[in-house]
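Biologist: I am new to this structure. Please show it to me, and let me ask how each label is earned.

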Amino acid sequence: MAVDFQGRVAIVTGAGGGLGRLHALALARRGAKVVVNDLGGAVDGSGSSATAVQKVVQEIRAAGGEAIANAASVTDFEAVQAMVKQAIDTWGRVDILVNNAGILRDKSFAKMDMADFRLVVEVHLMGAANCCKAVWPHMQAQNYGRIVMTTSSTGLYGNFGQANYGAAKLAQVGLMQTLAIEGAKHDIRVNALAPTAATRMTEGLLPEPVLEALKPEAVVPAMLVLAHESAPTRAILCAGAGGFEAAHITLTQGLYLGIGDEVPEALAERLAEVTASEGQQVPGGGSVQGQVEVGKAMAAHGH
Ligand SMILES: NC(=O)c1ccc[n+]([C@@H]2O[C@H](COP(=O)([O-])OP(=O)(O)OC[C@H]3O[C@@H](n4cnc5c(N)ncnc54)[C@H](O)[C@@H]3O)[C@@H](O)[C@H]2O)c1
């Protein structure tokens, strides 16, 4: 199957450099018309410049593709709405949103300033939510949409010095879970990508030989598959150095211990059975937890 985007219109945020630039170039090369968005700031989110997005637009056009530049900050909802209007006015639709914009303000939690915590949440979580909200009515009306969140192994599993970033990145997975459910009847599919790549963001974080293996272009196929017509929904796809994995948020079978004064002791004693991974499932929605729990209670009472 060709992973083709003829006739599709895509918005890629944070596409002035790093992974976003490669996402925009790849979508355009495979036929999509692309809004190349980037605030053009430093890795900590300070400053702004439209030079980088204009260069990417020129690269796409030089290769025979179609692209327009947008320098909005994803944190500014009005500017994000104007960006979506720019896409609609130019090409009549928006099929794909790749929420890729991001910043870092790394410090151990003990030393972290709450202003840096808030800013990182603002860019990653509110930025993604702003973009989703702005494209949503158009995707609903056309009964088609593909949204790719950019999460991170830090959000999924943690990393020293990135409490703000990890919280904001897993929040995008939370946003994905409900948007995928709400979007299903309009064929809006929402997925998350967890990349590992040598970019300016990882420069100081990983050793040189590791960075060498982590060519950013190795991440792009996972984004393309999640943005394509054939995409799954509610998937968390991990990609780096040519390897691909999936992350799941699972629910274990657990135990029924009932309700009573002795339950804390029983739970403490049998915690390993509650957390055991045999027979765990990936629930199709949040209501599954309650169904499993009520089901166990009813079974214990002979229903
Ligand atoms: N590189 C990795 O290993 C890695 C790992 C996990 C997640 N990620 C995520 O992948 C995405 C891309 O990161 P990258 O590694 O290419 O780094 P990068 O710094 O090159 O790219 C991020 C881009 O987002 C832009 N941006 C920042 N704030 C913005 C705002 N408010 N509005 C619009 N644009 C804004 C920046 O100008 C920059 O061009 C980020 O969301 C990052 O958190 C990267």
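What follows is a talk about the labels and the values behind them.

Modeller: Two notes before we start. This is a predicted model, where local features need pLDDT of at least 70, side-chain atom pairs count only at pLDDT 80 or more, and totals for chains, interfaces and linings use all residues. Residues are numbered from 1 along each chain as its sequence is written, and side-chain values use heavy atoms, with hydrogens and water left out.

Biologist: Why is Asp116 called buried?

Modeller: Buried means under 20% relative accessible area, exposed means over 50%, and partly exposed lies in between (1.4 Å probe, protein chains only). Asp116 has 14%. That is under 20%, so Asp116 counts as buried.

Biologist: Where does Asp116 lie?

Modeller: Asp116 lies in helix α4, residues 114–142. Helices are DSSP runs of H or I with at least four residues, strands are runs of E with at least two, and both are numbered from the N terminus. The C-alpha atoms of Asp116 and Gly127 are separated by 15 Å. The two residues are 11 apart along the chain.

Biologist: What makes Gly302 exposed?

Modeller: Its relative accessibility is 66%. The cut-off is over 50%, so Gly302 counts as exposed. Gly302 sits in the segment after α11 (287–300). Its C-alpha atom is separated by 25 Å from that of Ala276, 26 residues apart along the chain.

Biologist: And why is Gly258 only called partly exposed?

Modeller: Gly258 has a relative accessible area of 25%. That falls between 20% and 50%, so the label is partly exposed. Gly258 is in the loop between β8 (243–247) and α9. The C-alpha atoms of Gly258 and Asp76 are separated by 49 Å, with their positions 182 residues apart along the chain.

Biologist: How do you know that Arg21 and Glu59 form a salt bridge?

Modeller: A salt bridge is a side-chain nitrogen of Lys or Arg within 4 Å of a carboxyl oxygen of Asp or Glu. The closest N and O atoms of Arg21 and Glu59 are 2.8 Å apart. That is within 4 Å, so the pair qualifies. The pair links distant parts of the chain: Arg21 is in helix α1 (residues 18–29), Glu59 is in helix α2 (residues 51–62), and they are 38 residues apart.

Biologist: Are those two residues buried or exposed?

Modeller: Neither label fits. Arg21 is partly exposed at 26%, and Glu59 is partly exposed at 31%.

Biologist: What makes Lys215 and Glu212 a salt bridge?

Modeller: Their closest N and O atoms are 3.5 Å apart. The limit is 4 Å, so this pair counts too. Lys215 is partly exposed, at 38% relative accessibility.

Biologist: Which residue forms a salt bridge with Arg270?

Modeller: Glu273 does, with the closest N and O atoms 2.8 Å apart. Arg270 is partly exposed at 33%, and Glu273 is partly exposed at 40%.

Biologist: How many salt bridges does a search of the whole structure find?

Modeller: The search finds 10. Salt bridges also link Arg8, Arg93, Asp95 and Glu229 in a network.

Biologist: What makes Asp261, Glu262, Glu265 and Glu269 a negative surface patch?

Modeller: Asp and Glu count as negative, Lys and Arg as positive, while His and the chain ends are not counted. Patch residues have over 30% relative accessible area and no salt bridge; like charges are joined within 9 Å, and nonpolar side chains (Val, Leu, Ile, Met, Phe, Trp, Tyr) within 5 Å. Glu269 is exposed at 71%, which is over 30%, so Glu269 meets the area condition. Glu269 is found in helix α9, residues 263–269.

Biologist: What is notable about the backbone of Asp187 and Arg234?

Modeller: Asp187 has a positive phi of about 55 degrees although it is not a glycine. Asp187 is in the loop between α6 (163–183) and β6 (188–195). Arg234 has a positive phi of about 65 degrees, and it is not a glycine either. Arg234 is in the loop between α8 (220–227) and β7 (236–240).

Biologist: Which domains does the assignment give?

Modeller: It gives domain 1 (9–247) and domain 2 (263–300). The bounds come from an automatic or database domain assignment. The C-alpha centres of domain 1 and domain 2 lie 35 Å apart.
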